[in-house]
Amino acid sequence: MDSLQLYFVTYNCALTLIDVEHFSRHFFDAYPVTDNSSSTSPDLIVLSLQEIAPFAYAFLGGSFITPYFAAFSEAVTRATSERWGTPYVNVVTDHSGMTGLMIFARSDVVDNLSPPDIAKVGFGFQEMGNKGAVGARISYSAPNAPQTGADLTIVAAHLAPMEDAVARRNSDWRSIVERLVFSDAKTPISENDDNDESESAALLSGNARSTKYPGIFAPGNHLFLGGDLNYRTSNRFPSKQDILRFPQADAEPNDPLHFSHLLKEDQLKREMSQSRCFHGLTEAPISFPPTYKYHSEAQVAARDPSHADKPPQWKWASHRWPSWCDRILFLNTPPGLGDESRVKVLRYDALPVSPTSDHRAVALTVSIPLSTRRVLDESQTIAPFPIDPDWASRRDVARRKEYIAGCLAYLGLTWEGNGLLLATGIGIIGAWLVVRSLYSA
């Protein structure tokens with residue numbers, strides 16, 4: 001194997017458990033197929049998940065959020081088994097507030113992966129994780145040749161919403177660069193444990209570089225960032241007249257209602273071209289319609305099998321501009337490496353409308369060349385902003401706020417929490433009545 005194939009899917013879950021059967025059935029709809037209608041299975045599968053669970057469950061984490069991750073794990077298992085009969089191993093499941101990251105490795109690949117290094121940041125209200133990012137740094141070493149491989153930094157993100165919040169989204173990107181920090185470097189898996197210290201130092205993997213290059217940009221590291229980046233196609237909310245301009249499924253390319261004309265107004269392309277966000281990253285050409293915001297009628301239609309053979313219709317919500325909110329960006333070539341390490345895009349497309357979300361999932365398939373690890377020039381880092389020296393303390397403070405907010409939301413906004421409050425209230429009143437009766441006897 002001279003390359004690593006990665007299938008990256010980003011999806012806004014809309015705070016709802018997915019329909020496992022629907023999600024698994026369409027999970028590989030955007031995966032490339034060869035001329036003979038077959039394809040090889042990806043080495044790695046990545047899921048970037050936004051609004052994965054309701055506020056309270058996401059902030060409390062643990063067993064509260066487990067069912068939401070478990071649904072995706074089941075969907076991936078079903079999809080891979082039905083298509084290839086190949087088992088995959090879940091090597092990363094983590095989240096920063098309401099943003100989750102899952103990575104699956106094919107069973108014959110997993111033993112050649114390093115233990116992942118995880119980083120988290122929140123930049124929502126009070127820097128909590130209602131908006132934020134979670135990243136994993138992981139390395140693949142070729143069997144019997146650990147000096148050859150690929151070092152990956154993978155980031156799931158959810159940026160600020162609304163049409164007029166471009167500056168906030170750009171600021172969120174800066175927060176990712178400054179405060180998404182990998183601090184727990186781990187020694188990569190290697191069959192050459194007998195190598196002397198100097199040789200090991202010369203062949204640092206992405207994880208071993210974590211202490212020296214703890215930000216998302218590191219020499220020799222491929223960087224992939226996907227999520228609900230929330231960039232829109234207008235700086236204002238749509239009017240009643242604007243609704244008439246919304247893209248339609250049956251429009252020809254020369255028709256003003258074809259989605260390609262609205263794509264020209266995309267905020268993300270504009271901001272990237274003017275070097276105001278996602279510095280150094282690129283995106284494959286977009287050839288699919290907007291991924292947000294679909295009307296609830298579209299979700300109902302997605303759930304109804306009788307609509308499968310009907311001509312496609314795009315049912316848009318009238319109070320938001322149809323936009324390409326869900327995106328996957330990457331470094332063409334890792335800093336310090338040459339064109340031989342350039343990422344090859346195999347397909348970039350959207351999955352069908354989901355019955356449980358107003359977003360369509362987006363998928364990117366790439367081939368990542370394996371290269372020989374070597375000492376790289378320290379000047380090859382391309383981070384646009386320095387790491388915030390207070391990143392750790394700021395994250396600790398925000399995490400405490402998340403826990404308090406999660407507890408309050410659980411008690412006030414969930415049936416279980418309401419029941420607990422009611423039971424506690426009844427218990428207190430009952431105890432007071434018992435004490436009162438004892439003193440009055």
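Six strands come together here as an open sheet, in the order 3-4-2-1-11-10, with mixed pairing. Strand 3 and strand 10 (344-353) are the edge strands: each has a single partner, so one side of each is left without a neighbour in the sheet. From one strand to the next, the twist averages 15°. Keep in mind as you look around that this is a predicted model.

**Inside the sheet: strand 4**

Strand 4 is a good place to start. Eight of its eight residues are buried, so strand 4 is largely enclosed by the rest of the structure. In a regular strand, side chains alternate between the two faces of the sheet. On one side of strand 4 you will find T99, L101, I103 and A105, and on the other G100, M102, F104 and R106, all of them buried.

Strand 4 runs antiparallel to strand 3, and eight bridges join the two. It also pairs with strand 2 in the antiparallel sense, over seven bridges. The hairpin of strand 3 and strand 4 has two residues between the strands, and G97 there takes a positive phi near 60°. Some of the residue pairs involving strand 4 are set out below.

| Residue | Opposite residue in strand 4 |
|---|---|
| I45 | F104 |
| V46 | I103 |
| Y88 | R106 |

**Across the sheet: helix 3**

Which strands does helix 3 lie across? Helix 3 crosses strand 1, strand 2, strand 3 and strand 4, and runs at about 30° to strand 4. The helix covers residues 66-83; at 1.5 Å a residue its 18 residues should span 26 Å, and the end C-alpha atoms are indeed 26 Å apart.

The buried residues of helix 3 are Y68, F69, A71, F72, A75, V76, A79 and T80. These residues cover an arc of only 155° around the axis, which puts them on the same side of helix 3. The spacing fits a simple rule: an α-helix has 3.6 residues a turn, so residues three or four places apart point the same way. The partners that the buried residues pack against include strand 1 (3-12), strand 2 (44-50) and strand 3 (88-96), along with helix 1 (20-26) and helix 2 (55-60). After helix 3 comes G85, whose phi is positive, near 65°.

**A loop residue beside helix 3: I18**

I18 lies in the loop between strand 1 and helix 1. Is I18 buried or exposed? Its relative accessible area is 9%, so I18 counts as buried. Beyond its neighbours within four places in sequence, I18 is in contact with Y11, F23, A71, F72, A75 and T356. Three of these names, A71, F72 and A75, also appear among the buried residues of helix 3. I18 and S357 are 339 residues apart along the chain, yet their C-alpha atoms are separated by 8.5 Å.

**Elsewhere: T153 and helix 9**

T153 is part of strand 7 (residues 145-158). With 0% relative accessibility, T153 counts as buried. Its side chain makes a polar contact of 3.0 Å with the side chain of R137, and another of 2.9 Å with that of N221. Outside its neighbours within four places in sequence, the contacts of T153 also include A136, F182, I216 and H222.

Helix 9 (residues 391-413) has 23 residues and reaches 31 Å from its first C-alpha to its last, close to the 33 Å expected at 1.5 Å a residue. Among its buried residues are R395, E402 and Y410.

Key: Residues numbered from 1 in each chain as written. Predicted model: local features only at pLDDT ≥ 70, side-chain atom pairs only at ≥ 80, totals over all residues. Heavy atoms only, no water. Helix = DSSP H or I, 4+ residues; strand = E, 2+ residues; numbered from the N terminus. Expected span 1.5 Å × (residues − 1). Buried < 20%, exposed > 50% of the residue type's maximum accessible area, 1.4 Å probe, protein only. Arc of directions from axis to C-beta. Contact = heavy atoms within 4.5 Å. Polar contact = N/O pair within 3.5 Å; in protein donor to acceptor, adjacent residues only side chain to side chain. Pairing = 2+ DSSP bridges. Axes fitted to C-alpha atoms, helices over the stretch in contact; angles between N-to-C directions.
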